[in-house]
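Please find below some points on the model, set out for your own checking against the coordinates.

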Amino acid sequence: MSKESVTLTNNSNGQSVEMPLMSGSLGPKVMDIRALYSQMDLFTYDPGYTSTGACKSKITFIDGDKGVLLHRGYPIEDLAEHSDFLETAYLIWNGELPSPAEKKKFESDIIGHSMVHEQINFFFRGFRRDAHPMAVLCGVVGAMAAFYHDTLDINDAHQRMIAAHRLIAKMPTIVAWAYKYSQGQPFMYPKNALSYAENFLHMMFATPCEEYKVNPVLARAMDRILILHADHEQNASTSTVRLSGSSGANPFACIAAGIATLWGPAHGGANEAVLAMLQQIGSKDRIPEYIKRAKDKNDTFRLMGFGHRVYKNYDPRAKIMQRTCNEVLDELGMRNDPLLQLAMELERIALSDDYFVEKKLYPNVDFYSGIIFKAIGIPTSMFTSLFALARTVGWIAQWNEMIQDPDQKIGRPRQLYIGAQQRPYVPLHKRG
Ligand code: CMC
């Protein structure tokens, strides 16, 4: 039986070439265009990569029309309900759920390595106190390459694993310290007796002056938020990590590049932007004005926390996040918080508005996560750092998969050049 292919015909010269079709285990087929340039002297043009598969991956599958998200085949709903963040991290990195002994070992490998090199403590002190935490994260995570020299050989699988463990283990400490530094409070060191999420909340909110008991409902909510953000296929920051890694750059530099990309308001910065938007709207009676602005082509305003490149249905993470949000608000007795009431009303109106319905613009994960973070007492400027903390798992697993892919090459897109054609240099005295 002949292999499936697509025939491409160039109408200008009649040349036809067969492009093989590749099938994955799920999702649409993919046209293999690797020979396009050599056979037809053509490039493809796909800004934003809306139709481009840049790699093969076994980690995460999304069906945006059906609202399905699987990590290594397991639905996100099951992981959020039955798993915990470190188990999900193990799954994403290793491909299988751990046995009880593997789970215990992984937990001890991560939780036992959450302290950072003491010199990093001094590195923090070089930043301004009012620095944005994402700026601090980019710097400190990139600088980890200067502290952990023994895990920079990307061709050594063991070193890659230790680098991954270090990043997953130390991110909560680095994120919490970015907050403590901004507050002028002493850094809290990690406690190995606490779970991953508890430890993070403890380092964020405890001070050396008094005992701080982590609220178990908030710790569970935090753990679930981390699961929901752990990986998301080839999004902008993950693609950045892969592209950076494709040149052979070290893992800490690649993750720092991912953090930089995540910072943007169209990506991870949206959770912070949602809160800013709610504050800007201010009261329920002003919602119609902002819905109108969001629909106006001549206005740059968008409803932050709505829409997604891949999901044209409810983001499955948003549904779980909405439930978690209710649990947290109940626990904290914050159901009547005016900003949260405003968010719920905005969601209700947007979901019934023709513009949003027709364009399939549903609330995304960032819409609810910002509300939960605010309720927990995390300042707005820290929101995207929490996303980065969770996504480090996905970034490093995708980076590791890329390094081992035999098809992997340095990422090097081409372009449609629209600039000046070749022309002679004009000496300065003959110009103007
Ligand atoms: N408010 C108003 N209109 C919107 C919105 C929105 N939030 N999102 C998309 N649209 C409109 C857009 O104007 C366009 O209209 P038209 O077809 O008439 O030109 C149409 O919907 C398609 O939008 P697009 O910008 O072409 O779609 P995209 O896939 O390039 O963008 C997005 C996806 C997430 C960047 C965009 O929906 C957006 O800017 N949303 C707000 C920011 C946000 O919440 N980002 C978080 C995304 S989820 C987590 C993450 O990735 O980190």
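**Notes on helix geometry and packing**

1. In this predicted model, helix 14 (residues 316-332) has 17 residues, which at 1.5 Å a residue should span 24 Å, and since its end C-alpha atoms are 25 Å apart, the expected and computed values agree. Directly after helix 14 comes Gly333, whose phi is positive, near 60 degrees.

2. As to the surroundings of helix 14, its buried residues are Pro316, Arg317, Ala318, Ile320, Met321, Thr324, Cys325, Val328 and Leu329. The elements that cover these buried residues include strand 5 (68-71) and helix 2 (76-82), together with helix 9 (216-228), helix 15 (338-352), helix 17 (365-376) and helix 18 (383-404).

3. Turning to another pair, helix 3 (residues 85-94) and helix 4 (residues 100-111) have axes that come within 10 Å and cross at roughly 100 degrees. Because angles of 65 to 115 degrees count as roughly perpendicular, helix 3 is roughly perpendicular to helix 4. Helix 3 contributes Leu86, Glu87, Ala89 and Tyr90 to the contact, while helix 4 contributes Glu102, Lys103, Phe106, Glu107, Ile110 and Ile111. Sorted by class, this contact of helix 3 with helix 4 holds six nonpolar and four charged residues, with no polar ones.

4. On the nonpolar core, one may recall that in soluble globular proteins nonpolar side chains tend to be buried together. Here the largest nonpolar core has 124 residues, of which Ile259 and Leu303 touch the most other members. Once neighbours within four places in sequence are left aside, the residues in contact with Leu303 are Met277, Ile291, Ala294, Leu346, Ala350 and Phe356.

Technical notes: Residues are numbered from 1 along each chain as its sequence is written. This is a predicted model: local features need pLDDT of at least 70, side-chain atom pairs count only at pLDDT 80 or more; totals for chains, interfaces and linings use all residues. Side-chain values use heavy atoms; hydrogens and water are left out. Helices (H or I, at least four residues) and strands (E, at least two) are DSSP runs, numbered from the N terminus. The expected span of a helix is 1.5 Å times one less than its number of residues. Buried means under 20% relative accessible area, exposed over 50%, partly exposed in between (1.4 Å probe, protein chains only). Contact means heavy atoms within 4.5 Å. Axes are lines fitted to C-alpha atoms, for helices over the stretch in contact, and angles run from 0 to 180 degrees between N-to-C directions. Angles under 35 degrees count as roughly parallel, over 145 as roughly antiparallel, 65 to 115 as roughly perpendicular and the rest as oblique. Ala, Val, Leu, Ile, Met, Phe, Trp, Tyr, Cys and Pro count as nonpolar, Asp, Glu, Lys and Arg as charged, and the others, Gly among them, as polar. A nonpolar core is a set of buried Ala, Val, Leu, Ile, Met, Phe, Trp, Tyr and Cys residues joined through side-chain atoms within 4.5 Å.
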